[in-house]
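Here's a quick walk through one protein chain, written for someone who'd rather look than compute. Have the viewer open and follow along.

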Amino acid sequence: MRIIYFFLFLSTSIALYFIFNKSNLDISVIDLNKNHICASDSMIIINYNGPKAQIIWKDGSRSFYCEVREVFYELLNEMNKKKIKACYVQDFSNLEWGSYVDKWILADKVYYVINSRKDGAMGLSYVPFSDKHFAENFIELNGGELLKFNEINLNTLNQSANLLKERMM
């Protein structure tokens, strides 16, 4: 009888391990198409210029964003950031504005040009660059400020929101 309980316990433990273990979660990016809508505003993502983002949540679900600035509201939210497995942004190094290429990179591995004169889907874009040289060239042509991932905080987002309001007046 003990051996039956042992095997019942063992098989239940193994099953629970595979159900709740998310370390095998697929964190590869998905190339965007016309069926992907923005988690923030329900816009069809590929219909708009500017860099995009995607989050892979620890539960295996995904969220897509038509604007990189939008994804920072999730990344900086104390409750949500604990639920994020990975976040990718489109690398605009060596890309022209308006071109669309699924060239993804982890969000914390790039430089960001913020508050430039180039507008994306929702106005001010946070434009990611893996290569600092391309970011600096972008700033020469379009203005903006160069920041690293860890330099972007809620104050940065608020300043961008205020600048966007000023530009709309």
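In which sense do strand S5 (residues 111-120) and S7 pair, and over how many bridges? The pairing is antiparallel, and 4 bridges hold the count. Keep in mind that this is a predicted model.

**The sheet**

Those two strands belong to an open sheet of 3 strands, ordered S6-S5-S7, with antiparallel pairing. At the edges sit strand S6 (123-129) and strand S7 (145-148), each of which pairs on one side only. On average, neighbouring strands of this sheet are turned by 40° against each other, ignoring direction.

Now for S5 and S6: these two pair in the antiparallel sense over 6 bridges. They also form a hairpin, with 2 residues between them. If you want a spot to click on, Gly-120 stands opposite Gly-123 in S6. For S7, try Tyr-112, whose bridge partner there is Leu-147.

Is S6 largely enclosed or open to the outside? Largely enclosed by the rest of the structure, because 7 of its 7 residues are buried.

**Helices across the sheet**

Two helices lie across S5, S6 and S7: one is H4, and another is H5. Here is how they run:

| Helix | Residues | Strand used for the angle | Angle |
|---|---|---|---|
| H4 | 132-142 | S5 | about 30° |
| H5 | 154-168 | S6 | about 135° |

**Leu-76 and its partners**

Next, jump to Leu-76, in the loop between helix H2 (68-75) and helix H3 (78-81). Which residues does Leu-76 touch, leaving aside its neighbours within four places in sequence? They are Ile-152, Asn-153, Leu-154 and Leu-157. With Asn-153, the C-alpha atoms are separated by 6.8 Å, though the two residues are 77 apart along the chain.

**His-36 in its loop**

Last stop: His-36, found in the loop between helix H1 (2-20) and strand S1 (53-57). Is His-36 buried or exposed? Its relative accessibility is 13%, and the cut-off for buried is under 20%, so His-36 counts as buried.

What does the side chain of His-36 reach at 3.0 Å? That would be the backbone nitrogen of Asn-33. Skipping neighbours within four places in sequence, His-36 is in contact with Ile-30, Asp-31, Met-43, Ile-44, Ile-45 and Phe-64.

Technical notes: Residues numbered from 1 in each chain as written. Predicted model: local features only at pLDDT ≥ 70, side-chain atom pairs only at ≥ 80, totals over all residues. Heavy atoms only, no water. Pairing = 2+ DSSP bridges. Axes fitted to C-alpha atoms, helices over the stretch in contact; angles between N-to-C directions. Contact = heavy atoms within 4.5 Å. Buried < 20%, exposed > 50% of the residue type's maximum accessible area, 1.4 Å probe, protein only. Polar contact = N/O pair within 3.5 Å; in protein donor to acceptor, adjacent residues only side chain to side chain.
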